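Here are a few exercises to work through with the model open beside you. Try each task before reading its solution.

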Amino acid sequence: QHNIQSKTADHLTMATTSRQPLVKEGEKLMTLSDGRTLAYLQGGDLNSRKVAVVHHGVFSVGDISENMNKFFNSVGWMCLAPSLPGWGRSTPSPATATLSDWPSDVAQLLVHVMGPANQPTHLLFFGGSYGSIWAHACAANPKGALPSNSIRGLIIMGGFSPFTVDEDYSKEMGWMDWLGVGRPSQWYPFCWLSYLMGWMIGYKITGNVEGSRDMLRMILTGPKAMTPEERAQIESWAINEAGTTFEEWETGMAKNMALSVMNTYEGYYVVKKF
């Protein structure tokens with residue numbers, strides 16, 4: 001396992017250093033109590049004590065679009081979008097960590113942003129795709145790290161259960177996902193299949209927006225993955241609701257994808273764990 005990880009890291013380092021570094025505009029860093037780094041974006045009404053925490057999915061980082069920023073500001077809410085552990089510039093969680101430890105990181109982020117004497121009056125958790133299980137963890141607040149009387153709601157978009165507890169998750173999976181984070185990645189000794197898949201994907205997308213766009217079009221936005229009717233719906237949404245275009249929306253996702261694995265691939269490797 002160590003040799004596979006070392007070789008993967010070498011390939012990712014070569015891929016990253018051979019391309020122009022990417023930067024997430026507006027991203028901030030904080031140091032958690034155990035010395036780990038948490039990367040995040042902050043938007044909306046920066047003085048509000050009503051806070052929405054947005055959780056991203058796989059191959060992404062914390063992100064607040066211009067449209068989101070305007071919306072949260074208009075309704076008087078602050079928005080925080082942390083990069084989950086092991087993604088982007090957020091340090092991976094300790095090997096012993098579980099989902100129930102994540103609310104403690106979020107609680108520290110709130111203190112860092114708002115100050116120790118300024119608790120949030122309202123907390124709302126958003127989760128998209130893989131981020132849904134992390135948002136669930138905050139709403140459940142199993143260890144009481146977050147102020148329970150402030151939790152007001154949970155919004156899930158394209159959510160699913162953790163792979164380890166959902167017996168039927170593979171029914172909707174493509175073969176790449178199934179091999180990379182599904183049962184095979186958990187069965188094989190040292191999880192070598194997961195590291196191999198990580199290398200195959202990471203070599204193409206690490207720090208590379210064009211490579212990430214190609215990958216994105218293959219699995220999500222291209223003509224083989226999206227019907228003309230679906231594309232028309234998203235184009236309409238992008239222009240009329242998000243204030244952008246399909247191409248800009250796609251490029252934004254590709255950039256986040258490239259940023260997500262620039263420093264480490266541990267975020268991907270633990271997907272199968274949760």
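**Exercise 1.** How many salt bridges does the count come to?

Solution. Keep in mind that you are working on a predicted model. Pair side-chain nitrogens of Lys or Arg with carboxyl oxygens of Asp or Glu, keeping pairs within 4 Å. The count comes to eleven salt bridges.

**Exercise 2.** Take the salt bridge between D101 and K143, and work out which parts of the chain the pair ties together.

Solution. Start with the contact itself: the side chains of D101 and K143 meet with N to O at 2.6 Å. Next, place each partner. D101 sits in the loop between β4 (78-82) and α3 (102-114), while K143 sits in the loop between α4 (131-140) and β6 (151-157), so the pair ties together parts 42 residues apart in sequence. Last, check accessibility. D101 has 26% relative accessibility and counts as partly exposed; K143, with a relative accessible area of 57%, is exposed.

**Exercise 3.** Now look at E210 and R213, and describe where the pair lies and how accessible each partner is.

Solution. The closest N and O atoms of this salt bridge are 2.6 Å apart. Both residues belong to helix α8 (residues 209-221), three residues apart, or about one turn of the helix. E210 comes out at 47% relative accessibility, so it is partly exposed. R213 has a relative accessible area of 9%, under the 20% cut-off, and is therefore buried.

**Exercise 4.** Which residues are linked with R36 in a network of salt bridges?

Solution. Begin with R36 and D34, whose side chains meet in a salt bridge at 2.8 Å, N to O. Then add D105: D34, R36 and D105 are linked in a network. As for accessibility, R36 is buried at 11% relative accessible area, whereas D34 is partly exposed at 44%.

**Exercise 5.** Are helices α9 and α10 roughly parallel or roughly perpendicular to each other?

Solution. Two packed helices are described by the angle and the distance between their axes. For α9 (residues 228-240) and α10 (residues 246-260), the angle is about 95 degrees and the axes are 8 Å apart. Angles of 65 to 115 degrees count as roughly perpendicular, so that is how α9 and α10 are arranged. At the contact, R231, I234, E235, W237 and A238 in α9 meet F246, E247 and W249 in α10. Sorted by type, these residues give five nonpolar, no polar and three charged.

**Exercise 6.** How many disulfides does a search of the whole structure find?

Solution. The search finds zero. While you're looking at cysteines, check C79: at 0% relative accessibility, C79 counts as buried. C138 is also buried, at 0%.

Definitions and conventions. Residues numbered from 1 in each chain as written. Predicted model: local features only at pLDDT ≥ 70, side-chain atom pairs only at ≥ 80, totals over all residues. Heavy atoms only, no water. Axes fitted to C-alpha atoms, helices over the stretch in contact; angles between N-to-C directions. Helix = DSSP H or I, 4+ residues; strand = E, 2+ residues; numbered from the N terminus. Parallel < 35°, antiparallel > 145°, perpendicular 65-115°, else oblique. Contact = heavy atoms within 4.5 Å. Nonpolar A, V, L, I, M, F, W, Y, C, P; charged D, E, K, R; others polar. Disulfide = S-S within 2.5 Å. Buried < 20%, exposed > 50% of the residue type's maximum accessible area, 1.4 Å probe, protein only.
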